[in-house]
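Welcome, and please open your viewer. This tour goes stop by stop, telling you what to select next and what is there.

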Amino acid sequence: GHDLNSWMFVRFNTIAELDPNFYEAYLWGGQYLSIVKDDLKGAVTLMEKGVRVFPDDYRLNFNLGFTYYYELGVYHQGLKYLEKIML
């Protein structure tokens with residue numbers, strides 16, 4: 001299948017599929033894909049999965065909002081997650 005530009009995405013995504021409550025897979029996997037691998041699409045996909053499992057988590061919402069807003073320039077999506085952590 002399509003690996004979203006990184007074999008590491010496949011690994012982190014598999015971990016998340018096997019154990020959806022493994023928080024660190026979303027948090028550290030998303031950051032690793034974004035920063036080290038420059039796989040923004042894979043990072044967003046993984047972090048969005050994490051936000052569905054942990055909807056009120058500050059760090060996941062911040063990282064996802066930051067990636068959308070500053071890295072991808074999708075401001076309305078970024079604000080959606082960044083505004084969520086303001087409350």
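Let us begin with a word used throughout: contact means heavy atoms within 4.5 Å. This is a predicted model, in which local features need pLDDT of at least 70 and side-chain atom pairs count only at pLDDT 80 or more, while totals for chains, interfaces and linings use all residues. Residues are numbered from 1 along each chain as its sequence is written, and side-chain values use heavy atoms, with hydrogens and water left out.

**Stop 1: helices H1 and H2**

Select residues 7-18 for helix H1 and residues 23-35 for helix H2. Helices (H or I, at least four residues) are DSSP runs, numbered from the N terminus. Two packed helices are described by the angle between their axes and the distance between the axes. Axes here are lines fitted to C-alpha atoms over the stretch in contact, and angles run from 0 to 180 degrees between N-to-C directions.

For H1 and H2, the axes come within 10 Å and cross at roughly 170°. H1 and H2 are therefore roughly antiparallel to each other; angles over 145 degrees count as roughly antiparallel, under 35 as roughly parallel, 65 to 115 as roughly perpendicular and the rest as oblique.

Now show the side chains where they meet. From H1 come Met8, Phe9, Phe12, Ile15 and Ala16, and from H2 come Ala25, Tyr26, Gly29, Tyr32 and Leu33. This contact of H1 with H2 has 9 nonpolar residues, 1 polar and no charged. In that count, Ala, Val, Leu, Ile, Met, Phe, Trp, Tyr, Cys and Pro are nonpolar, Asp, Glu, Lys and Arg are charged, and the others, Gly among them, are polar.

**Stop 2: H1 beside H3**

Keep H1 and add helix H3, residues 40-53. H1 and H3 pack at about 10°, with their axes 10 Å apart. That makes H1 roughly parallel to H3. Highlight Phe9, Phe12, Asn13, Ala16 and Glu17 in H1, which meet Gly42, Thr45, Leu46 and Lys49 in H3. The contact of H1 with H3 divides into 4 nonpolar, 3 polar and 2 charged residues.

**Stop 3: H2 beside H4**

Next, show H2 together with helix H4, residues 58-72. Their axes are 10 Å apart, at an angle of about 25°. H2 and H4 are therefore roughly parallel to each other. Tyr23, Tyr26, Leu27, Gln31 and Ser34 of H2 make the contact with Arg59, Leu60, Asn63 and Thr67 of H4. Its residues divide into 4 nonpolar, 4 polar and 1 charged.

**Stop 4: three residues from that contact**

Zoom in on Ser34, in helix H2. Is Ser34 buried or exposed? Ser34 is buried, with a relative accessible area of 13%; buried means under 20%, exposed over 50%, and partly exposed in between (1.4 Å probe, protein chains only). Not counting residues up to four places away in sequence, Ser34 touches Asp39, Leu40, Ala43 and Thr67.

Follow that last partner to Thr67, in helix H4. Thr67 counts as buried, at 4% relative accessibility. Beyond neighbours within four places in sequence, Thr67 is in contact with Ser34, Leu40, Val44, Met47 and Leu72.

Then pick Asn63, also a residue of H4. Asn63 is buried, with a relative accessible area of 13%. Leaving aside neighbours within four places in sequence, Asn63 is in contact with Leu27, Gln31 and Met47.

**Stop 5: the largest nonpolar core**

A nonpolar core is a set of buried Ala, Val, Leu, Ile, Met, Phe, Trp, Tyr and Cys residues joined through side-chain atoms within 4.5 Å. Which residues touch the most other members of the largest one? Select Leu33, Leu46, Leu60 and Leu64, which do so among its 17 residues. H1, H2, H3 and H4 each supply at least two residues of this core, and the largest share, 5 residues, comes from H3.

Center on Leu33: not counting residues up to four places away in sequence, Leu33 touches Ser6, Met8, Phe9, Phe12, Asp38, Asp39, Gly42, Ala43 and Leu46.

**Stop 6: the loop at Asp38**

Finish with one of those partners, Asp38, in the loop between H2 and H3. Asp38 is exposed, with a relative accessible area of 55%. Asp38 has a positive phi of about 55° although it is not a glycine.
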